[in-house]
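Let's take a walk through this model together, starting with how its helices lie against each other and ending with the odd corners of its backbone. Keep the viewer open as you read.

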Amino acid sequence: MRLINLRPFPLFSLLLSVTLAFNCLAQQTGKKPNIIIILADDLGYSDVGFNGSKDIPTPNIDRIAQNGTKFTNGYVSFAVCGPSRAGLITGRYQGRFGFSRNPLFAPNDPNQGLPLSEETMASALERGGYKSMALGKWHLGAHKTQRPLERGFTEFYGFLTGGHHYLPEKLTLNDISEVNSQYAAYSTKLLKNNSRVELNEYLTDALSREAAEFIERSKDDPFFIYLAYNAPHTPLEATEKYLSRFDHIKDKKRKTYAAMVSAMDDGVGQVLDKLEELDINDNTLVFFLSDNGGPEPHNGSDNGPLRGEKGWLWEGGIRVPFAVQWPGTIPAGQTYEHPVISLDIFATAAALADIKPKNELDGKNLVPYLTGNKRKAPHKELYWRNHNRKAYALRKGDYKLVNVDGKQELLFNVSADIGETNPLTDPKKSKPFYKKVNQWIQTLMDPVFLGLSQGKEYNEQHPDRFDLEKY
Ligand code: CA
């Protein structure tokens, strides 16, 4: 409602009334809200302004928190990329369908990715009349049956692997037929729907531009955007435009990381500006979060007060920067402290789009909690399981039971002890928590594919993995 800033004047007042009446009409006719998920990759908990970053300004990501709500206890369902994304896009604990490892890049293998039994958010929203676009990193399967357009998305611009080069001159492979190793896939040209296209700019900039263009051409329909930046995941690559903003950071790794975060922040600004320009801001939910915690030594990220990092069920692996805006509905400038999880995004979208998902969801529609209509915590418990590491965790109220390696179980009051430094010692207190998490683990499947950490074993079983002629 940009007209609201105009000074009272009869003609303007008339315009204002007409615009208000039109908006009311749009609400009455039930135009469904647009949903945008902006997902960062391996972003540290403390590397956004709204979580206290001092050396990396993120004014645009912060706009989401200022326009809406920041979550201080916002979690993802796994501590590495692939399974976390599988949870996010299905709204279900990914262990329910055995997606408990990071998939390998295996374009010939239909089982190396999201099982077809699972419905994605895009498929569900398509039934509700939504157009959708996936941008950036997919990492939910490279087989032809697993790609975004086969999993409910109307459009795709990005790459299928778990990471990618950012600089155009590094994208030297014309297609996956030229890929002969896991990491060579980082060098493929990008896909636009099913076609390979040239990249003529910094990858992060291209993803932002494509997202803004999709908003422009979809403004009259309800739309869903899954903007999955690979920034600031390795390889650490940035352009001078962004590096030059960080001369105050002497450490080269941290400086390049900061430049990558800053490029993403500019992109978030482009998306938000486009929504404002088209006057659809009040009818659009924008979620921002990271897919897992920062891998601090690898990319120079900073998880601040949290213990641990990517890969682990300490808070540093699973508690992430997380915010949402829906101006006019979700109050601005709010801080929400009850635990929430990435799985809640699908449940929220399904409720707003008035669709019934095919499978039972594990998340909750957050809107009534954020508007104050529901006062209790959305979740009685949240759970995690890492099969490879024999690790598990449960969050219940202030408490967290965690065993990061199958060896030692610890109980913390994470509200009082965010750094998980002072384990509680009363075994009677842990027992009911363990019982709960153990019951939940019984509902999960074993992993349905070998993952990145089992690459050698997988290659032995599939010596023709990259030979497309064999399939
Ligand atoms: Ca990640």
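Before we compare helices, one convention: an axis here is a line fitted to C-alpha atoms, over the stretch in contact for helices, and the angle between two N-to-C directions runs from 0 to 180 degrees. Bear in mind, too, that this is a predicted model.

With that settled, look at helix α5 (residues 203-218) and α7: their axes come within 9 Å and cross at roughly 10 degrees. Angles under 35 degrees count as roughly parallel, so α5 is roughly parallel to α7. On the α5 side, the residues that meet α7 are T204, D205, S208, R209, A211, A212, I215 and E216. Facing them from α7 are A263, M264, G267, Q270, V271, K274, L275 and E277. Sorted by class, this contact holds seven nonpolar, four polar and five charged residues.

Now stay on α7 and find its other partner, α2. Helix α2 (residues 59-67) and helix α7 (residues 252-277) have axes that come within 7 Å and cross at roughly 50 degrees. That angle makes α2 oblique to α7. From α2, the contact takes in P59, N60, I61, R63 and I64. Those residues meet M264, D265, D266, V268, G269, L272, D273 and E276 in α7. Here the split is six nonpolar, two polar and five charged. M264 is worth clicking on, since it turns up in the contact with α5 and in the contact with α2.

On to the sheets. One of them is an open sheet of 10 strands with mixed pairing, and its order is β7-β6-β5-β4-β8-β1-β9-β10-β2-β11. At its edges you'll find β7 (195-197) and β11 (334-336), each of which pairs on one side only. From one strand to the next, the twist averages 15 degrees. For a detail inside this sheet, pick strand β9 (residues 284-290) and strand β10 (residues 322-325), which run antiparallel and are joined by four bridges. V286, for instance, has Q325 in β10 as its bridge partner. Helix α10 (residues 344-353) packs on this sheet and touches β1 (34-40), β9 and β10. The direction of α10 makes about 170 degrees with that of β9.

Further along the chain there is an open sheet of four strands, with antiparallel pairing in the order β13-β14-β15-β16. β13 (382-386) and β16 (410-413) each have a single partner strand, so one side of each is left without a neighbour in the sheet. Neighbouring strands here are turned against each other by 10 degrees on average, direction ignored. Five bridges pair β13 with strand β14 (residues 391-396) in the antiparallel sense, and one of the partnerships to look for is N386 with A391 in β14. Helix α12 (residues 427-441) packs on this sheet, touching β13, β14, β15 (399-403) and β16. Its direction makes about 115 degrees with that of β14.

What about empty space inside? Rolling a probe the size of a water molecule over the atoms shows where such space is left. In this model the count comes to two cavities of 30 Å³ or more. The largest cavity has a volume of about 40 Å³, and its lining includes P103, F105, H139, L160, T161 and Q182. By class, that lining has five nonpolar, five polar and no charged residues. The second largest cavity also comes out at about 40 Å³. Its lining is made up of F105, F159, L160, T161, I176, A185, T188 and R196, which divide into five nonpolar, two polar and one charged. Compare the two lists and you'll spot F105, L160 and T161 in both.

Finally, a few backbone details. The loop between β8 (223-228) and α6 (240-243) holds P232, and a cis peptide bond joins A231 to P232, with omega about -5 degrees. P235 lies in the loop between β8 and α6 as well, and the peptide bond from T234 to P235 is cis, with omega near 5 degrees. D42, in the loop between β1 and α2, has a positive phi of about 70 degrees although it is not a glycine.

How values were computed. Residues are numbered from 1 along each chain as its sequence is written. This is a predicted model: local features need pLDDT of at least 70, side-chain atom pairs count only at pLDDT 80 or more; totals for chains, interfaces and linings use all residues. Side-chain values use heavy atoms; hydrogens and water are left out. On a 1 Å grid over the protein atoms alone, a cavity is a set of points where a 1.4 Å probe fits but cannot get out, and a pocket is an open set with protein on both sides within 12 Å along at least five of seven lines; lining residues have an atom within 4 Å of a point. Grid points are joined across faces, edges and corners, and a volume is the space filled by probe spheres set on the points. Ala, Val, Leu, Ile, Met, Phe, Trp, Tyr, Cys and Pro count as nonpolar, Asp, Glu, Lys and Arg as charged, and the others, Gly among them, as polar. Two strands pair if DSSP finds at least two bridges between them. Helices (H or I, at least four residues) and strands (E, at least two) are DSSP runs, numbered from the N terminus. Contact means heavy atoms within 4.5 Å. Angles under 35 degrees count as roughly parallel, over 145 as roughly antiparallel, 65 to 115 as roughly perpendicular and the rest as oblique.
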